[in-house]
Each structure stands twice: as C-alpha cells, then as structure tokens.
There are 2 protein chains.
Amino acid sequence: MRSELADILLKDSEINIEKSLPSISIDCVVFGFDTASLKVLLTKVKEKDGWLLPGGYLHKSENLEDGAYRILESRTGVSEIYLQQFKTFGKLNRSNDFFSEYDKNLWHKRRFLSVGYYALTNFAKVEPKIDYLSEACEWKNINELPQLLMDHQEIFDAALLELRKGLNYRPVGLNLLPEKFTMPELQRLYEIILDKPLNRGNFYRKMTKYGILNKLKETRKGGAHKAPNLYTFNAETYNEALENGFKEAW
Amino acid sequence: MRSELADILLKDSEINIEKSLPSISIDCVVFGFDTASLKVLLTKVKEKDGWLLPGGYLHKSENLEDGAYRILESRTGVSEIYLQQFKTFGKLNRSNDFFSEYDKNLWHKRRFLSVGYYALTNFAKVEPKIDYLSEACEWKNINELPQLLMDHQEIFDAALLELRKGLNYRPVGLNLLPEKFTMPELQRLYEIILDKPLNRGNFYRKMTKYGILNKLKETRKGGAHKAPNLYTFNAETYNEALENGFKEAW
DNA sequence: ACAAAAGTGTTCGCTCTACACCCATGG
DNA sequence: CCATGGGTGTAGAGCGAACACTTTTGT
C-alpha cells in the first residue's frame with residue numbers, strides 16, 4: 001500500500017532493525033497536572049482513527065529504564081521526572097493487526113511485549129512533540145479519553161490504578177506543583193488524582209506528619225483573600241520517602 | 001570451546017531461534033513451603049559455579065503469562081499455582097558474560113530482558129526437574145541461599161519483598177497448605193514468610209474476619225493433644241479477595 | 001493430669017474521620 | 001466585613017498489639 005505513512009514506516013523499520021532490540025517496546029502513561037485537572041499525553045497516529053500512548057523501542061545499547069526516560073523526553077522535553085515501571089504486557093495479539101495494511105516485513109508488525117511506565121509531570125512545563133508516525137500529540141482529560149488503540153486502554157487503566165494505590169505509601173507532588181506551593185494546592189492535587197474530596201484539617205495534619213514539607217516564611221500575596229503559606233518539598237526526606245515508602249503493615 | 005554444555009547450547013540455540021521470541025526471558029521465583037520453612041527453587045548450571053532461578057524463553061506463539069506457567073510447570077510439574085508478575089529487569093549487562101566462553105553466535109549470549117514472576121507452592125507436591133542446561137534443581141532455604149549468578153539475587157530480593165508486601169492485601173495459603181489445615185498451620189505459614197512471630201489471638205480474629213475460611217466439623221485426630229479444628233479455604237471469597245484485595249486507604 | 005488448641009474478653013494506644021471552632025488577613 | 005486560609009480540638013469508630021482467662025479434648 002502506498003501512502004505517506006507507508007514510506008515513513010519502511011524507513012523507520014530499517015532504522016529500528018539496526019538500532020533497537022526486537023520484541024520489546026516501552027509505553028509511557030504520562031500524567032499531567034495543573035490546578036484544575038489530571039490529563040494524560042496521547043498521540044494520534046497518522047491515517048488511523050484513534051489514539052495511542054507515547055511509546056517507542058528499546059535501543060540495543062541502553063538500559064530499560066534509560067529507554068523509558070529517553071522516550072519520555074523525546075515527547076515532552078522533560079527529563080527531570082518521576083518515572084515508575086508498573087507492569088509488562090505480553091498478550092499474543094496485543095499489537096497484531098495494527099499495521100495490517102502495510103508491508104508485511106515491517107518491524108512494527110512483529111510481536112512486541114510492552115513494558116509500561118507511568119510518569120507524573122506538570123503539563124505547563126511540557127511541550128508535546130509529535131514523532132514520525134503521529135500527527136498530533138495532546139493532553140486529554142482522563143475522564144474524557146478518546147478511543148485508544150491496541151491494548152492501550154488496558155495499559156492506561158493499570159497505570160491509573162497503580163498511581164492511586166501509590167498515593168498510600170509514596171509522596172506525590174515534586175515536579176508536579178511549582179517549586180513553591182500552598183497547602184490548598186497540594187490538597188487539590190490529591191483530590192484530582194483520587195477524584196474525591198478530602199478533609200482539609202486531616203489532610204493538613206497528615207502531610208505535616210510525613211515530614212516532607214518545608215514551610216517557608218513567605219506567603220502568596222495578591223490573591224483576593226488571606227495570603228496562604230508557601231511550602232517547598234524537602235528534597236531529602238521526600239526522596240527518602242519515595243525509596244522506602246510511608247508505612248507497611250504486619 | 002568443546003564441552004558437553006557447549007554442544008547442548010548449540011543445539012538449544014537453534015531450537016530457540018526457531019521457536020522463541022528474541023530479547024525476552026522469563027524468570028520464576030518459586031517459593032515453596034512446608035510446615036517448617038520457606039524455600040526457593042534453584043537450578044545449578046552445568047560447568048558453572050553458582051545457581052540460577054528457573055527460567056526460560058517466551059515462545060513466539062504464546063501469551064506472556066502462559067509462558068510463565070509453562071516454564072513453571074516444566075520445572076515443578078505443578079500447574080495449579082498462584083503466579084504473580086512483579087517486575088521486569090532490563091539492565092544492559094544483566095546476562096552478558098554469562099556464556100562468554102562459548103560460541104559467540106549463541107542464542108543465549110544475546111541480550112535479554114527478564115520478566116519476573118513469583119509463585120507459591122507446597123513443595124511436598126513438587127518434583128523438581130532439571131532441564132537441558134542444569135545439573136541439579138533443588139529447594140534452598142531462603143536464609144541460606146547459595147551464590148546466585150547474573151542478577152538473580154536482585155530478582156529474588158524483589159520477589160521476596162513483593163511477597164511480603166502482598167500479605168497485607170492478598171490472601172495466602174491456597175495450594176500451599178494441604179486442602180484441610182488447622183489455624184496453627186496457617187499462622188505458621190505467615191510467620192515463616194514474614195520471619196517473625198505473630199500473636200495467636202489476633203491472628204485468629206483477623207483471619208476469621210477476612211471471611212475466606214470454611215470451618216469444618218472435623219478435627220485433626222491423632223496428635224498428642226487436643227484435636228485442632230480443620231479449615232478449608234472458601235474458594236469463592238478467597239479468589240474474590242485475590243482479585244480485589246483486602247483494603248486500600250484514602 | 002497434662003499440654004496443646006480453641007475461643008473469647010479486655011485494655012491500651014494509635015489512627016482516621018468528621019466536624020467544629022478560632023484566628024489571621026487581604027481586599 | 002467576609003471569604004479564604006491556617007491551625008487546633010475533639011468525639012467516635014475501628015483496629016492492632018498484648019495479654020490473659022477459660023474451655024475442650026486426645027493421650
């Protein structure tokens with residue numbers, strides 16, 4: 001079949017056969033946050049009617065995790081980011097048929113497992129970039145997702161579940177919120193991720209007790225009301241908590 | 001280099017090139033339990049000084065999870081088993097050098113990612129089987145592990161951590177304990193996995209409350225003392241709990 | 001009789017929840 | 001003044017830890 005995409009795929013196929021490890025792909029669920037909502041970065045494939053999570057192939061000469069960071073950075077321009085492997089997807093026909101109308105020797109038509117990573121970022125910092133086979137790369141609200149192709153809905157669902165479970169024993173917020181932020185902003189982040197309201201007083205105490213916050217002497221002036229306190233994350237205790245978690249029973 | 005193993009590898013190499021997906025391997029951390037201790041199934045590689053987790057390659061025509069079950073069954077003869085994917089390992093040199101002295105075109109010398117699964121079984125039911133490149137397959141106590149080759153110590157550690165964390169929100173015991181078992185036996189299982197003593201009364205209440213146990217009218221006769229009550233797992237609620245977990249905060 | 005097992009009660013301390021109250025302060 | 005933010009108090013529910021008491025029962 002002759003089309004713009006067909007040509008691109010052929011060329012890309014050669015490059016990947018040379019450079020990438022067969023059978024392995026990486027898909028990234030990039031969650032973005034601003035003051036109002038939680039979104040996910042999706043790409044629209046050329047000549048296809050549907051969207052995909054940004055992904056790519058692992059180079060022969062790079063570590064798995066480095067591959068995930070590279071793919072992520074190539075789409076968002078963001079390198080300092082929280083990235084978490086959550087599951088590997090390996091059903092037989094997960095990506096079959098996808099390029100069925102194109103050249104049968106195509107790299108892309110082979111069988112791939114996909115290692116799923118999720119990332120969290122502030123989408124104000126991100127410049128979504130399309131790649132060779134996409135015609136768009138956009139933030140989509142997680143409550144209004146378009147149709148996802150292949151098994152990417154399943155991958156997304158697993159990532160969201162992991163993200164929410166992770167809130168129980170991992171801190172969240174660094175690189176999502178601005179450097180300096182207020183307690184209501186932090187609470188809003190949690191509420192948006194969990195999609196439910198939280199009690200203010202309890203949230204305040206909980207966060208304070210975790211010991212990951214530095215309270216600054218400054219306040220945020222200029223609002224219509226009382227100037228709220230500003231906080232930063234304490235990089236040391238925050239990272240310590242990321243490593244070791246907040247609690248664990250038994 | 002000429003050796004028994006070298007010949008085997010060459011032959012196996014051809015088979016795998018034909019039959020298996022490149023770049024992917026599966027390693028299984030098979031935990032075994034009897035009334036006294038927690039062990040893990042290890043294999044001793046021919047002509048090598050050290051042990052490995054049982055593993056294998058994913059066939060081109062099978063689902064990832066099915067591959068894990070197949071590999072597991074080929075080593076243990078056990079098919080009804082709890083199997084849980086926990087992490088995928090993809091460092092660049094994780095399996096390099098391992099067959100360094102053998103033919104450079106060998107399948108086995110390529111780069112592989114390894115998808116880690118852990119399994120739980122009663123090792124009384126298992127008949128460990130050696131495979132083509134191992135000279136032994138044995139249960140080893142987890143507190144006295146021999147030297148593990150490649151990155152298999154790291155894989156094992158990650159599996160044990162996951163297993164222990166899992167006890168907080170997943171039931172354990174089905175297929176590990178005999179069909180009918182007593183409360184002290186169940187408690188012992190938990191204590192061995194967690195490597196610490198638990199309070200009897202609290203344990204009794206906790207397990208009872210989970211609602212995954214059927215209390216039988218029978219007791220275990222023949223012991224030196226009072227005949228303990230026998231229980232079975234309630235397959236329905238047990239599996240329901242496996243799926244959905246016991247709790248989750250927020 | 002003895003010892004293990006079974007079942008239950010109780011106390012203490014902690015955490016989470018929900019709600020409420022008070023103060024501060026920018027406009 | 002008032003809306004928002006900050007901080008604290010507290011009552012109630014629930015749970016886990018620890019311990020202890022009682023009963024059952026096989027040998």
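**Entry 1: B:Pro54**

I began with B:Pro54, which sits in the loop between β3 and β4 (55-59) of chain B. The model I am reading is a predicted one. I then asked whether B:Pro54 is buried or exposed. I found B:Pro54 to be buried, because its relative accessible area is 3% and the cut-off for buried is under 20%.

Next I listed the neighbours of B:Pro54, leaving out residues up to four places away in sequence. I recorded contacts with B:Ile26, B:Asp27, B:Cys28, B:Val30, B:Leu41, B:Thr43 and B:Arg75. I also compared B:Pro54 with B:Lys217: the two are 163 residues apart in sequence, and their C-alpha atoms are 41 Å apart in space.

**Entry 2: B:Ser134**

I turned to B:Ser134, which I located in strand β7 (residues 134-141) of chain B. I noted that B:Ser134 counts as buried, because its relative accessibility is 0%. Which side chain does B:Ser134 join through a polar contact of 2.6 Å? I found that the partner is the side chain of B:Asp131.

Leaving out residues up to four places away in sequence, I wrote down that B:Ser134 touches B:Thr43, B:Lys44, B:Val45, B:Lys46 and B:Arg75. I noticed two names that I had already entered for B:Pro54: B:Thr43 and B:Arg75 touch B:Pro54 and also touch B:Ser134.

**Entry 3: Positive phi values**

I looked up two residues for their backbone angle phi. For B:Glu47, phi is near 60°, a positive value in a residue other than glycine. I placed B:Glu47 in the loop between β2 (38-45) and β3 (51-52) of chain B. I entered B:Glu47 as partly exposed, because its relative accessible area is 38%, and partly exposed is the class between 20% and 50%.

For A:Asp195, phi is likewise near 60°, and this residue too is not glycine. I found A:Asp195 in the loop between α4 and α5 of chain A. I entered A:Asp195 as exposed, because its relative accessible area is 53% and exposed means over 50%.

**Entry 4: Chain A as a whole**

I then stepped back to chain A. How many helices and strands does chain A have? I recorded six helices and nine strands. I noted that the C-alpha atoms of chain A fill a box of roughly 65 × 45 × 30 Å along the principal axes. Of the 250 residues of chain A, 52% count as buried. I also looked at contacts in chain A between residues at least 6 apart in sequence, and found that 74% of them join residues at least 24 apart.

**Entry 5: Aromatic rings**

I counted aromatic pairs over all chains and obtained 26. I first examined A:Phe31 and A:Phe156, whose ring centres are 6.0 Å apart and whose planes meet at 50°, so I entered the pair as tilted. A:Phe31 lies in strand β1 of chain A and A:Phe156 in helix α3 (residues 152-166), so the pair ties together parts that are 125 residues apart in sequence. I checked burial as well: A:Phe31 and A:Phe156 are both buried.

In chain B, I examined B:Trp107 and B:Phe112. Their ring centres are 5.4 Å apart and their planes are at 55°, so this pair is also tilted. I found B:Trp107 buried, and B:Phe112 as well. I further noted a cluster linked by ring pairs, made up of B:Phe31, B:Tyr82, B:Phe86, B:Phe89, B:Tyr118 and B:Phe156.

**Entry 6: The interface of chains A and B**

I ended with the interface. I found 34 residues of chain A in contact with 33 residues of chain B. The two chains bury about 2800 Å² between them, with 59% of that area on carbon and sulfur atoms. Which three residues supply more of the area that chain A buries against chain B than any other three? I recorded A:Arg111, A:Asn168 and A:Trp250, which supply 28%.

I searched for salt bridges across the interface and found zero, whereas I found 13 residue pairs in polar contact. I then noted which elements of chain A each supply at least two residues to the side that touches chain B; among them are β5 (82-89), β6 (113-122) and α4 (183-194). The largest share, four residues, comes from β1(A). Lastly, I sorted this side of chain A by class and entered 17 nonpolar, eight polar and nine charged residues.

Notes. Residues are numbered from 1 along each chain as its sequence is written. Chains are lettered from A and ligands numbered from 1 in the order in which they are written. This is a predicted model: local features need pLDDT of at least 70, side-chain atom pairs count only at pLDDT 80 or more; totals for chains, interfaces and linings use all residues. Side-chain values use heavy atoms; hydrogens and water are left out. Contact means heavy atoms within 4.5 Å. Buried area is the accessible area (1.4 Å probe) that two parts lose on being put together, summed over both. A salt bridge is a side-chain nitrogen of Lys or Arg within 4 Å of a carboxyl oxygen of Asp or Glu. A polar contact is a pair of N or O atoms within 3.5 Å; within protein, one must be able to donate a hydrogen and the other to accept it, and residues adjacent in sequence count only if both atoms are side-chain atoms. Ala, Val, Leu, Ile, Met, Phe, Trp, Tyr, Cys and Pro count as nonpolar, Asp, Glu, Lys and Arg as charged, and the others, Gly among them, as polar. Rings of Phe, Tyr and Trp (its six-membered ring) pair if their centres lie within 6.5 Å; planes under 30 degrees apart count as stacked, over 60 as edge-to-face and the rest as tilted. Buried means under 20% relative accessible area, exposed over 50%, partly exposed in between (1.4 Å probe, protein chains only).
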